[in-house]
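The questions below take up the terms used for this model one at a time. Each reply sets a computed value against the rule behind the term.

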Amino acid sequence: MNEYAIEVHDLTKKFGAFTAVDRVNFNVKRGDIFGFLGANGAGKSTTIRMLCGLLQSTSGTASVGGYDINTQPELVKFNIGYMSQRFSLYDDLTVEQNIRFYGGVYGLRNNRLRDRMDWVLKMADLKGRESSLTRTLSGGWKQRLALGCAILHEPKILFLDEPTGGVDPISRRNFWELINRLSTEGITVLVTTHFLDEAEYCNSIILINAGKLIAGGTPSQLKREHIKDPILEVASSNVVEALEVIRVQPWAIETSVFGTKLHVLVKDEEEGKVSIRQTLSANGIQTQSIQRIVPSLEDVFLYLLDKETARAS
Amino acid sequence: MYRSLRPIIIKEFRQIRRDPTSLGMLLILPAALIVLVGYALNFDVKHVPLVIFDQSKTSTSRAFLDKFKQTELFNYRFDVTGYNEIDGHFTNGRAKVAIVIPTNFAEDLLVGRDVRVQILVDGSDANTGAQAIGNAARITADYSTRLVVSAFERMGRQYYQPIDFQPRIWFNPDLLSNQFLLPGLIGFILVLTAVISTSMTVVREKERGTMEQIMVSPLRPRDVILGKTIPYMLIGLVEATAILVLGYVLFDIQVKGSILLLYAGIFTILLGSLGQGLLVSTVTDSQQVAFMISVFSSLLPSFLLSGFVFPVSSMPIVLQILSNLAVNKFFLVLVRGIMLKGVGFSSVWPQFVYMIVFAAVMLGVSTKRMQKRTL
């Protein structure tokens with residue numbers, strides 16, 4: 001058995017003259033939760049759709065569960081589960097009818113179907129709602145039902161394309177707990193998201209921008225490797241003005257707004273603190289606090305994306 | 001094979017049952033069309049409103065005019081006393097035909113002079129006008145013959161007619177237009193509902209993302225297409241049966257030929273129409289666009305170009321060539337032949353060949369396009 005559930009080599013997709021995915025390489029270990037991050041239109045969905053056999057690749061190869069996506073798409077399809085942000089359920093059918101339909105599509109029958117239906121209803125917390133029309137369910141429920149339908153046939157590999165779009169924060173947290181549980185049961189999960197806080201749940205992540213892979217590793221690796229300089233979190237009386245005056249200073253490598261606070265990347269912690277206080281008071285802005293923080297993934301990605309954009313132009 | 005189709009077929013029927021609009025379109029629309037076409041779309045021109053300008057005002061003129069008042073071809077409305085009144089009635093549509101009897105009608109008849117009776121017709125509705133003139137001419141000719149006969153008898157001579165014209169009408173002896181239209185309606189309804197419902201059911205799944213979910217499953221595109229079209233094929237056959245039953249109950253339209261052959265024809269045109277619907281669904285991802293294309297590509301040709309209402313032989317040559325794109329044109333020949341004339345396979349096989357070619361092209365092209373899109 002191979003150590004990797006998914007192996008991708010130079011995978012490329014062109015739509016006419018536009019290159020949506022440009023020679024992407026990565027491997028996903030068995031049982032990992034693998035995060036696939038990037039802005040909308042960066043090429044995440046295109047990559048996932050190629051791996052699921054929904055889209056033919058222009059060049060490059062990939063194997064999913066040991067099967068080649070170009071030459072054995074049927075075998076790939078038997079071994080994967082796929083769920084997209086659209087929660088592809090039939091709104092005009094009941095919960096049970098949806099489960100029966102997807103079960104039937106994967107050839108589940110009799111006892112097996114009954115067992116799996118029971119499992120999905122329990123997992124999605126839909127016991128007692130079997131005959132509700134799916135359109136009457138809230139977003140969180142639909143999301144869990146869609147997940148349940150995607151893994152009815154107990155696939156070893158699960159693809160989730162923006163699975164938490166349009167659901168409330170509590171449902172999002174519950175959903176990630178579910179994903180964690182699946183991963184401990186040995187299922188490999190490849191998930192795309194643009195919520196960077198969600199990336200912290202992943203064992204491993206890659207960042208894609210304009211079709212190209214720009215970084216990869218575990219979340220802590222990425223934080224350590226890419227941002228060695230200190231990040232200072234600044235609370236002030238006016239965050240917008242503070243941003244305007246600090247970002248133009250030569251000592252501020254990187255400045256961005258996080259909620260009501262400012263994150264400033266500097267060369268040296270003590271010098272930076274002094275410079276920030278001076279600059280703010282010179283502009284009539286009151287400094288409430290400055291402290292060094294551990295960089296979040298968001299800091300890392302904004303930093304990487306800025307570097308990438310600067311390099312490109 | 002059936003195992004992989006079963007879930008889709010069951011699901012499709014469940015969705016149809018839950019969706020009142022599609023169910024309405026599939027069952028109520030055909031029923032409404034039959035009743036409308038059977039009763040209202042009637043080319044037999046009867047009860048044409050008539051006014052009479054009788055300047056003679058004699059028992060002779062009244063006897064002649066009674067022939068117009070007694071027939072159901074005309075609907076006698078008023079007596080008028082001048083041309084300007086006729087003008088008024090024509091303008092606001094109270095009358096479409098006026099008969100003008102000259103002052104010396106009775107005297108001239110008595111002495112055997114030629115009598116001129118004027119018939120004025122509102123020609124804005126060409127078909128009604130032409131038929132009304134024909135009917136009026138026939139009534140007048142009949143009456144003239146009767147006058148000649150009695151004149152001869154009075155002179156003690158036998159009247160004889162050199163040529164005795166004896167029309168006998170085959171297949172539809174009463175020349176009822178619904179005998180002709182209702183069989184044609186079967187094709188029209190089947191094409192319309194099959195194209196619309198097939199394209200909508202596929203595009204709806206594309207819009208909701210469920211098609212994508214099915215495509216990542218091990219089901220092959222062929223299974224998906226079959227699973228989605230079989231329910232509509234069955235509904236089409238039920239629909240056709242409903243039309244035949246309604247036509248028989250309401251209008252006494254019977255199938256003179258082989259029912260089996262008729263159903264073979266219905267099956268073939270349904271196959272082509274389902275293929276056409278699938279083809280439409282590969283062109284667009286929006287339900288609205290799919291609906292528009294379906295209506296245009298099915299309703300217009302099968303209504304206007306097929307010979308359902310307007311005979312193909314009287315179309316301009318360009319349209320006659322174009323009419324070959326309307327599969328309903330061939331089905332019409334077949335269905336009228338089997339239902340009204342009772343013909344067998346030997347006279348409708350060319351129609352079968354055409355419809356099978358049409359179905360093969362539609363299904364082939366749409367399956368090709370579908371596979372290309374999803375891979």
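Q: What makes the figure for chain B and chain A a buried area?
A: In this predicted model, chain B and chain A bury about 2,700 Å² between them, 55% of it on carbon and sulfur atoms. The term fits because buried area is the accessible area that two parts lose on being put together, summed over both. The value therefore covers both chains.

Q: How many residues of each chain are in contact?
A: 25 residues of chain B are in contact with 30 residues of chain A. The word contact requires heavy atoms within 4.5 Å.

Q: Why is the pair D92(A) and R208(B) called a salt bridge?
A: The side chains of D92(A) and R208(B) meet at 3.5 Å, N to O. The rule asks for a side-chain nitrogen of Lys or Arg within 4 Å of a carboxyl oxygen of Asp or Glu, so the pair qualifies. Between chain B and chain A the count is two salt bridges.

Q: Which elements of chain B supply at least two residues each of its side that touches chain A?
A: They are α1 (2–18), α7, α8 (210–215) and α14 (345–374). The largest share, seven residues, comes from α1(B). By class, this side of chain B has eight nonpolar, six polar and 11 charged residues.

Q: What makes the space beside I227(A) and Y303(A) a cavity and not a pocket?
A: I227(A) and Y303(A) are among the residues that line the largest cavity. A cavity is a set of points where a 1.4 Å probe fits but cannot get out, whereas a pocket is an open set, so the space counts as a cavity. About 80 Å³ lies in this cavity, and the structure holds five cavities of 30 Å³ or more.

Q: How do you know that E254(A) and H263(A) belong to the lining of the largest cavity?
A: Both are listed in that lining, which means that each has an atom within 4 Å of a point of the cavity. β12 (254–258), β13 (261–265) and α11 (297–312) of chain A each supply at least two residues of the lining. Its classes are six nonpolar, two polar and two charged residues.

Q: Why does G236(B) count as polar in the lining of the second largest cavity?
A: G236(B) is one of the residues that line this cavity, and the classes place Gly among the polar residues, so G236(B) is counted there. The lining divides into five nonpolar, three polar and one charged. Its largest share, four residues, comes from α9(B). The volume of the second largest cavity is about 40 Å³.

Conventions. Residues numbered from 1 in each chain as written. Chains lettered and ligands numbered in written order. Predicted model: local features only at pLDDT ≥ 70, side-chain atom pairs only at ≥ 80, totals over all residues. Heavy atoms only, no water. 1 Å grid on protein atoms, 1.4 Å probe; cavity = no way out; pocket = protein on both sides within 12 Å on 5 of 7 lines; lining within 4 Å. Points joined across faces, edges and corners; volume = space filled by probe spheres on them. Buried area = accessible area lost by both parts, 1.4 Å probe.
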